[in-house]
Amino acid sequence: MAKLKELEDYREEIEHCVKCGACRAHCPVFVADKREGRVARGKIALANSVLEGEVDFEQKVLEDMSQCLLCGSCCAGCPNQVHTEEIVAAARRRIAEQKGLSTFGKGVAAVLGRPKLMNMLAKSGGALSSILFKQLPEDSGLRLRFPVPYLEADRTLPSIDVKPFRERVPELIPGRAGQPSVVFFTGCGINYMYPAVGEAFLKALKFLGVTVIIPKDQACCGLPAVSAGATRTIEKLAEQNLAAITSHKADHIVTACASCNAGLGDIYAEMGDEFNDLSTRTIDIFVFLANHGLPEKLATLPKVAKPIKVTYHDPCHLRNRGITREPRQILKALPQIEYVEMPDAATCCGLGGTYSVYHYDTSKKIGAQKAVNIAASGAEVVATDCPGCIMQLQDNINHANGKQRPVHILELLAEAIPDDFR
């Protein structure tokens with residue numbers, strides 16, 4: 001039975017915060033708003049006060065706990081490595097238990113917890129996209145034609161495909177004898193909004209001769225529910241995914257989404273011993289490709305005469321898991337690109353799950369700096385390893401009137417692999 005940790009389980013971690021303030025320099029929300037309640041040490045002090053019974057979940061506490069991207073930037077810069085993002089997530093779950101989920105949180109829990117409903121809504125949105133949305137110039141996303149609760153009119157949205165990725169492909173795609181087998185955990189972003197990334201994933205694995213299994217009954221990893229504090233939804237999704245994935249025999253569980261990688265690899269690992277094998281076998285696609293010799297194979301492909309300049313945005317959930325080298329290794333090996341590093345590539349883009357819905361103005365401030373960094377790199381394309389980041393980066397670039405194109409690294413990889421390879 002999946003069981004998330006409670007706020008009380010973090011007492012020892014909370015005591016490790018010495019209130020030094022190093023987190024102030026790393027927290028994107030504090031940098032944008034300059035309020036002490038926004039920064040890690042302020043949230044930890046509030047969490048401790050709640051545990052000691054000194055404060056209740058009054059409005060100020062609720063507001064400060066909501067003002068967190070759960071990006072882990074504070075932990076990355078913390079001398080004691082205090083995981084404030086986990087403490088805040090536990091506090092949000094306690095808030096939801098005591099006060100109930102917010103209206104939007106209830107919607108997140110209802111949709112994510114019912115995959116058939118999610119499928120139906122996604123297909124309806126795709127079918128009605130021409131009515132509901134207008135296309136921005138140069139294929140830079142969509143904007144709402146009509147007001148929708150919780151979504152700002154100037155927010156960029158990706159298109160939703162009428163036919164999800166998992167319905168386009170067979171459950172089993174055999175590879176070559178002697179090569180490994182993997183379960184592809186697609187996540188929601190690839191399944192509903194970026195099916196081309198899924199197709200690129202399959203092309204890359206076929207290039208290596210890997211057998212790919214795509215369980216039809218897999219569900220959302222649960223990260224949006226983590227952000228909303230929807231405890232039972234997270235646990236229910238974890239149980240469903242455990243059953244869906246372990247019903248197939250495979251060497252690895254491979255993700256092409258930073259959030260899904262963290263969900264299966266970190267959050268599920270805390271839910272009970274039955275998740276240990278799943279979590280330890282979960283691997284990011286670029287770690288997998290690097291481990292199985294793809295950079296060496298790419299080195300044999302002819303270089304193009306005029307490569308495009310590409311930079312890389314580190315998704316927070318990969319950076320937190322120490323996955324920074326392999327995506328760059330693959331990018332640098334691609335024959336059609338010239339890799340350039342952007343300033344502060346590892347800073348958050350401002351999405352933060354449901355954060356950018358509740359606090360879009362602050363999210364835009366954070367994203368504005370990311371857009372400046374992308375422009376400073378001189379790149380034409382910004383690549384990343386997270387569908388959520390792609391969506392947010394496009395919004396950041398649009399607000400800055402930029403021309404750069406955000407893509408998944410897999411899309412660039414698929415362009416480089418010849419269609420007639422053997």
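**Close-up 1. Packing of helix α3 against helix α4 in the predicted model.** Helix α3, residues 40-51, and helix α4, residues 59-66, pack with their axes 10 Å apart and at an angle of about 135°, and the two helices are therefore oblique to each other, since angles over 145 degrees would be needed to count as roughly antiparallel. The crossing in which α3 passes α4 is left-handed. On the α3 side the contact is made by Lys43, Leu46 and Ala47, and on the α4 side by Val61, Asp64 and Met65.

**Close-up 2. Packing of helix α4 against helix α6.** The axes of α4 and of helix α6, which comprises residues 84-99, come within 10 Å and cross at roughly 135°, an arrangement that makes α4 oblique to α6. Here, too, the view shows a left-handed crossing, with α4 passing α6. From α4, the residues Leu62, Met65 and Ser66 meet Val88, Ala91, Arg92, Ile95 and Lys99 of α6; Met65 of α4 is also one of the residues that make the contact with α3.

**Close-up 3. Helix α14 and its buried residues.** Helix α14 runs over residues 231-246, and its 16 residues should span 22 Å at 1.5 Å a residue, which agrees with the 23 Å that separates its end C-alpha atoms. The buried residues of α14 include the polar or charged side chains of Thr231, Thr233, Glu235 and Asn241, and the list is completed by Ile234, Leu237, Ala238, Leu242, Ala244 and Ile245.

**Close-up 4. Surroundings of Glu326 in helix α20.** Glu326 lies in helix α20, which covers residues 325-333, and this residue counts as buried because its relative accessibility is 11%, where buried means under 20%. The side chain of Glu326 is joined to that of Arg325 by a polar contact of 3.2 Å. When neighbours within four places in sequence are left aside, Glu326 is in contact with Phe286, Val287 and Ala290.

**Close-up 5. Helix α22 and the elements that cover it.** Helix α22, residues 360-377, has 18 residues and reaches 25 Å from its first C-alpha to its last, close to the 26 Å expected at 1.5 Å a residue. Its buried residues are Tyr360, Thr362, Ser363, Ile366, Gly367, Lys370, Ala371, Asn373, Ile374 and Ser377. The elements that cover these buried residues include the helices α2 (28-33), α21 (355-358) and α23 (387-399), together with the strands β8 (308-312) and β10 (381-384). After α22 comes Gly378, which has a positive phi, near 75°.

Technical notes
Residues are numbered from 1 along each chain as its sequence is written. This is a predicted model: local features need pLDDT of at least 70, side-chain atom pairs count only at pLDDT 80 or more; totals for chains, interfaces and linings use all residues. Side-chain values use heavy atoms; hydrogens and water are left out. Helices (H or I, at least four residues) and strands (E, at least two) are DSSP runs, numbered from the N terminus. Buried means under 20% relative accessible area, exposed over 50%, partly exposed in between (1.4 Å probe, protein chains only). A polar contact is a pair of N or O atoms within 3.5 Å; within protein, one must be able to donate a hydrogen and the other to accept it, and residues adjacent in sequence count only if both atoms are side-chain atoms. Contact means heavy atoms within 4.5 Å. The expected span of a helix is 1.5 Å times one less than its number of residues. Axes are lines fitted to C-alpha atoms, for helices over the stretch in contact, and angles run from 0 to 180 degrees between N-to-C directions. Angles under 35 degrees count as roughly parallel, over 145 as roughly antiparallel, 65 to 115 as roughly perpendicular and the rest as oblique. A crossing is left-handed if the near helix is turned anticlockwise from the far one by less than a right angle, and right-handed if clockwise.
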